[in-house]
Structure formats: C-alpha cells, structure tokens
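Please walk through the structure below, taking one buried site, then a sheet, then the nonpolar cores.

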Amino acid sequence: MAVTLSRARLEEIGSSVSRPRYGLQDLSAGIVHFGVGNFHRAHQACYLDELFESGVDRDWAIIGTGVQEGDAAMGRDLAAQDFLTTVVAQEATSSQARITGAMIDFIAPGDRAALLAHLVDARTRIVSLTVTEGGYYVDPATQSFDANHPDIIADAADRLASPKTAFGLIGAALLQRRAAGLQPFTVMSCDNLPGNGHVTENAVAGLVELVDRSDAHWIRESVAFPNGMVDRITPATSERERATLRGDFGIDDRRPVFCEDFRQWVLEDRFSAGRPRLEQVGVQFVADVAPFELMKIRILNGGHAAIAYPAGLLDIHFVHEAMADPQIARFLRALLDDEIIPLVPPVPNTDLTTYRRTIERRFANPKIGDTIRRLCLDGSNRQPKFILPTLRDAACAGRPIDGLALVSALWCRYCYGETESGKLIAPNDPSWQRLTEQARKARSRPEAWLEMRDVYGDLADDPRFREAFGQALQRLWRIGTRASLAHYLARAAAG
C-alpha cells in the first residue's frame, strides 16, 4: 500500500527513493517564489534541495506564493504533505525518484499583508518567479511592457496600496524596504523567455513608473534583475503520473512532478543581497546569458513549435510519438539545420549540432509523457518569442524562410479548431476565440491571419514572408499536412 507523503512518514518509504536528510528545523527562508508549479519544483527547488542536502546555505529555503486562483489549491495540497514534492527524473531506460524539501511555507493568494511582511523582511534576499511566458504583461508585437493592460492600470490606480499582480507586490515591497533603509532583494525570473531579467525589470519598474518616476528610477539603479536560461522538460501531472508513482515507488503524492533527467540553468552572477552557492550543484554562472538563452529558445522551443502543430493536426497525442513519426522528425531536423541554427550565434563551449542531437534525443524520450497539446498551448504568446524572431532575422538576411513560414501556417491551421480527421480541438490559448475567428477568415484569405498586428508586427508587411505564408496555408488546406511536409522536405533536399 502506498505511503501518504509527509515528513513524519519519510522513513516508511522504500529505500529506492532518495529523501532529504535535513528537516524543517534545519532551514530558514531566504527566497519568496511566485508560481510553485511543476517546472519550479523540477528545477529551482531541485537545485536548492541538492545544495541543502550537501549541508550548506540552508538559510535560502523557499516560501511559495502565487496570485492566481489555481495557486491556492496548489498551496493547500503542498501544505498537507509538509511542502514535500516527489520528483521523478526519467530516461528511456530508467526512472529515479527523489523527495525534495526546499520549500518550508506557502502564502495563499490574496493574503497581501502576510506576503508583504515576508517580502519586506530583511531575511528575504531573493524574490523569484515562474509565472509562464505570458505572465509578464508584454505586448506581443513590440515585446515591450504593456502599461495599458487592465491589471497594470488597476495596480497603478491605487498607487500600489493593494496590488494584485506579482509585479505590483514586488514593487510595493521594494519601496517599503527602501523607506525602512533595508537592502533591496534580487528579483530573479525563472521563466523561459528572452532577456527574462530585462523583461522582469521592465514589468516592475514600468508599473512603479506609472505611480512615481523617481521610485522607478531607483528600482532600475538599485535592484538586480539577473537574466537566466532555464531548461528541463516538465509535463503537466495527471492521474497517470500519480498512479505510476503509487505503483512503482509506493508513494501517494498529491502533486508529484515527472520530468526528464536533463536539466540546465545558466545565470548571470548579479545579485543585490547575496545568493546561495548554486555553482556547487551545477548552475553555470556567466557574465552574459544571451548566447545560451538564444540557443535554447530558438532551437529547443522553436523545435517544440515545429513538431507541435503538425502532430496536433494529425491527432498525435505524445511528443515522443511525434518524434517516432519519420516525416515529422525529418521536418524538425531540416528546419533546425537549414533555417534556425545558421542564425544562432556561437555559444561558449557548445557545439550547436551536438546540442541539436541532444534536443532530438530529449524530445524522443518515451518516459516523459509530454503532450502535444501542452506544446501547442498559448501560441499567441509563444510564437512571437520562439518562431517569429528567427523568421524576422532570416527575412532581413535574405535567408530561406519556407520552413518557418510553414510553422506559422500550421499554427494558423491548428487554431481553425479541427484536426485533419475532423476532431474538435478544445480551446488552447487565452485568445482562442479571436485566433479561431482569424483562422477561419484565413482559410480563403491567408492575409487575414497576418492582420493580427499585436502578434506579427511589421513582419506582416514583408512581401516574401506574406507570400511564403500564404502559399503554405493554402497548400495545407488543399493537400493536407502530410503532403505539405513532404513538399517542404523535397525542396529542402534539393537545396
């Protein structure tokens, strides 16, 4: 019978599962983290767990929090198991489970007084975030801070007296620390978006600037917002994973995390009030994260987008099943080799072809259970970050763009809302209704899709892209996904 996860019952769990040798009494909080979903608990929390296990820096434990409704349920479930998480790292031929204990408390969404008290506490030296790529109030077309978003306007309207956004809470806390003569904490994004430190700075300072320009200037001058590249494929947890955990490891965990064994964290060594010695557990501290970040976002995340939409249209459920499809696998490789990798600048101590092979192996991992639907999620935020910048660079350089244009056309076809077999695609984007309306118009008039200026910006005016996109979309409707992929592959092979 499975053991219900708690600190009191750790010794009842089988010896095949690693567990922390430190207890709550050994830890004190140094980090407040917004968004304690699967990726955070498979990434940042794992690195800290290993550091605490080594016996050092145990004053950097995590207090979790969030601002979304779903965060409250997560907090309750984690509290019920003493903030422990079972992380199962999976490779094709092996699975390893470890119980991690880097989190020691959770503050419920809406409890602003308690949260601000922790944020202002001098012992809090880092505030970190995993709030998804779409959570930073970025205008998709300009990729700049969206000061006109209703959430931002609401926080600014009451002069940060009762902020509801993570950035309003962070800004209010920083200003309270300044007034109290306390050192500012570091604000560290752990989300997967280009220049995540700069984006976070613009969100915090941009919001504060709507209230007081001098305070915003102080934040930009005094607070560290390090850029970082984060990487670990971490799918959503379903009953499938919970059942596997009970059956294979004898643990009943409300919120387990299943992920790949691979992980990477490259981080600027720029902190306002110190940091844990994460380099001892494999974090790479560098002066410039940008080359690593660009490599990952364009090759891995761009690669995910490349396989997601054709697989979705062909009713393929899992990512590893898409990679087992010879045509989709060939499409991915041709696109990366011909159109994406040539536009990725050199990365220190990294061979991009080897990196591409690693990506292919990771995508093909059958143990992960990552779904095509997850990869297709939130294209309106992801395409402008993962595909369109490469497309823009390729168009400017006069390089081939047919494959990238096909990816964009596949996204449009997916947003029509039906797979090629006629199966309904459930809403899969915050802007799904709008995307579906535009995709239906684009079936007969492809340029209708490019009229979403908040997504495509001036790229929609590029004649070569407009033509390549239009032809690709019309081909998808005329001959289907398989034949369209075959058409691209034949042209790529011909040189």
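**From a buried aspartate to the cores**

Aspartate 231 lies in strand S9, which spans residues 228–231. The model is a predicted one. Aspartate 231 has a relative accessible area of 2%; the cut-off for buried is under 20%, so aspartate 231 counts as buried. The side chain of aspartate 231 makes a polar contact of 2.8 Å with the side chain of arginine 362. Apart from neighbours within four places in sequence, the residues in contact with aspartate 231 are Phe39, His43, Phe262, Arg263, Gln264, Lys296, Leu300, Tyr355 and Arg362. Arginine 362 thus appears both as the polar partner and in the contact list.

A second polar residue to look at is glutamine 90, in strand S4 (residues 85–91). Is glutamine 90 buried or exposed? Its relative accessible area is 5%, so glutamine 90 is buried. The side chains of glutamine 90 and serine 95 are joined by a polar contact of 3.5 Å. Setting aside neighbours within four places in sequence, glutamine 90 also has contacts with Phe258, Cys259, Glu260, Asp261, Asn365, Lys367 and Ile368, besides Ser95.

Strand S4 belongs to an open sheet of three strands, ordered S5-S4-S11, with mixed pairing. Strand S5 (94–100) and strand S11 (257–260) are at the edges; each has a single partner strand, so one side of each has no neighbour in the sheet. On average, neighbouring strands of this sheet are turned by 25° against each other, direction ignored. Between S4 and S5 the pairing is antiparallel and runs over seven bridges. Within S5, alanine 97 is the residue that stands opposite valine 88.

The nonpolar residues come next. In soluble globular proteins, nonpolar side chains tend to be buried together. In this model the largest nonpolar core has 77 residues, and the members that touch the most others are Ile299, Phe363, Trp449, Tyr456 and Phe465. Which helix gives the most to this core? Helix H10, covering residues 290–313, does so with 11 residues.

Phenylalanine 465 can be followed further. Beyond its neighbours within four places in sequence, phenylalanine 465 is in contact with Leu391, Ile401, Ala405, Ser408, Leu450, Tyr456 and Leu459. One of these, Tyr456, is also among the core members that touch the most others. Separate from this core is a second one of 72 residues, whose members include Ile104, Val120, Tyr137 and Leu193.

Notes. Residues are numbered from 1 along each chain as its sequence is written. This is a predicted model: local features need pLDDT of at least 70, side-chain atom pairs count only at pLDDT 80 or more; totals for chains, interfaces and linings use all residues. Side-chain values use heavy atoms; hydrogens and water are left out. Helices (H or I, at least four residues) and strands (E, at least two) are DSSP runs, numbered from the N terminus. Buried means under 20% relative accessible area, exposed over 50%, partly exposed in between (1.4 Å probe, protein chains only). A polar contact is a pair of N or O atoms within 3.5 Å; within protein, one must be able to donate a hydrogen and the other to accept it, and residues adjacent in sequence count only if both atoms are side-chain atoms. Contact means heavy atoms within 4.5 Å. Two strands pair if DSSP finds at least two bridges between them. Axes are lines fitted to C-alpha atoms, for helices over the stretch in contact, and angles run from 0 to 180 degrees between N-to-C directions. A nonpolar core is a set of buried Ala, Val, Leu, Ile, Met, Phe, Trp, Tyr and Cys residues joined through side-chain atoms within 4.5 Å.
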